Amino acid sequence: LHLQKAFERMRVKRPDVISDGTGVSGLKLIRALLAGARDPERLLALCDPQVQKKKAERVREGLRGTWKEEHLLALRRGLEAWEFYQRQIAECDPALERVPRQMTGPEEPAPSAPRCRAGPTIRCGK
């Protein structure tokens with residue numbers, strides 16, 4: 001959401017450009033913008049070839065924005081937050097994979113019902 005809001009403030013029409021801002025092309029664009037790239041042609045070259053073929057004109061228009069420092073700072077902070085959460089998820093995934101394996105250890109056999117040794121008038125199991 002922080003990334004999307006930063007794009008809106010910069011007047012970059014990200015959904016017209018890239019549907020997934022955190023996909024391969026989206027992240028390349030964000031990193032290039034933060035590194036100072038502003039030329040729509042250069043930014044278009046970072047996109048997936050299918051995006052270049054199908055949406056070239058929309059991408060060029062969508063990447064003309066206002067590059068104010070405060071908006072770029074918001075974009076940088078949004079990217080850093082997203083990367084932080086991705087690291088947290090990556091650290092949790094192995095632990096989450098171990099938990100079900102630990103829970104499905106060897107099963108103990110169910111206790112059997114007590115057997116009666118006396119005649120039919122004596123109740124068993126009490």
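**Helix 6, its salt bridges and the nonpolar core**

Arg77 and Glu80 are both located in helix 6, three residues apart, about one turn of the helix. In this predicted model, the two residues form a salt bridge in which the closest N and O atoms are 2.5 Å apart. Arg77 is partly exposed, at 46% relative accessibility, and Glu80 is likewise classed as partly exposed, at 35%.

A search of the whole structure yields two salt bridges. Besides the pair within helix 6, a salt bridge joins the side chains of Glu83 and Arg31, with an N to O distance of 2.6 Å. Because Glu83 belongs to helix 6 and Arg31 to helix 3, this pair ties together parts that are 52 residues apart in sequence. Glu83 has a relative accessibility of 23% and therefore counts as partly exposed; Arg31, with a relative accessible area of 39%, is also partly exposed.

Helix 3 comprises residues 24-34, and eight of its 11 residues are buried, so the helix is largely enclosed by the rest of the structure. The buried positions are Ser25, Gly26, Leu27, Leu29, Ile30, Ala32, Leu33 and Leu34. After helix 3 comes Gly36, which has a positive phi, near 110°.

Nonpolar side chains tend to be buried together in soluble globular proteins. In the present model, the largest nonpolar core contains 22 residues, and those with the most contacts inside it are Phe7, Ile30, Leu43 and Leu75. At least two residues of this core are supplied by each of helix 1 (2-9), helix 3, helix 4 (40-45), helix 5 (49-62) and helix 6. The greatest contribution is that of helix 3, which gives six residues. Ile30 thus appears both among the buried residues of helix 3 and among the core residues with the most contacts.

Further features of helix 6, which spans residues 69-103, concern a buried histidine and a nonpolar surface patch. His71 lies in this helix and has a relative accessibility of 13%, so it counts as buried. When neighbours within four places in sequence are left aside, His71 is in contact with Ala6, Arg9, Met10 and Thr66. Phe84, Tyr85 and Ile89, by contrast, make up a nonpolar patch on the surface, with about 310 Å² of accessible area together. Ile89 is found in helix 6 and is partly exposed, its relative accessible area being 43%.

Methods
Residues are numbered from 1 along each chain as its sequence is written. This is a predicted model: local features need pLDDT of at least 70, side-chain atom pairs count only at pLDDT 80 or more; totals for chains, interfaces and linings use all residues. Side-chain values use heavy atoms; hydrogens and water are left out. Helices (H or I, at least four residues) and strands (E, at least two) are DSSP runs, numbered from the N terminus. Buried means under 20% relative accessible area, exposed over 50%, partly exposed in between (1.4 Å probe, protein chains only). Contact means heavy atoms within 4.5 Å. Patches are made of residues with over 30% relative accessible area and no salt bridge: like charges are joined within 9 Å, nonpolar side chains (Val, Leu, Ile, Met, Phe, Trp, Tyr) within 5 Å. Accessible areas come from the Shrake-Rupley method with a 1.4 Å probe; for residues, only the protein chains shown count as cover. A salt bridge is a side-chain nitrogen of Lys or Arg within 4 Å of a carboxyl oxygen of Asp or Glu. A nonpolar core is a set of buried Ala, Val, Leu, Ile, Met, Phe, Trp, Tyr and Cys residues joined through side-chain atoms within 4.5 Å.
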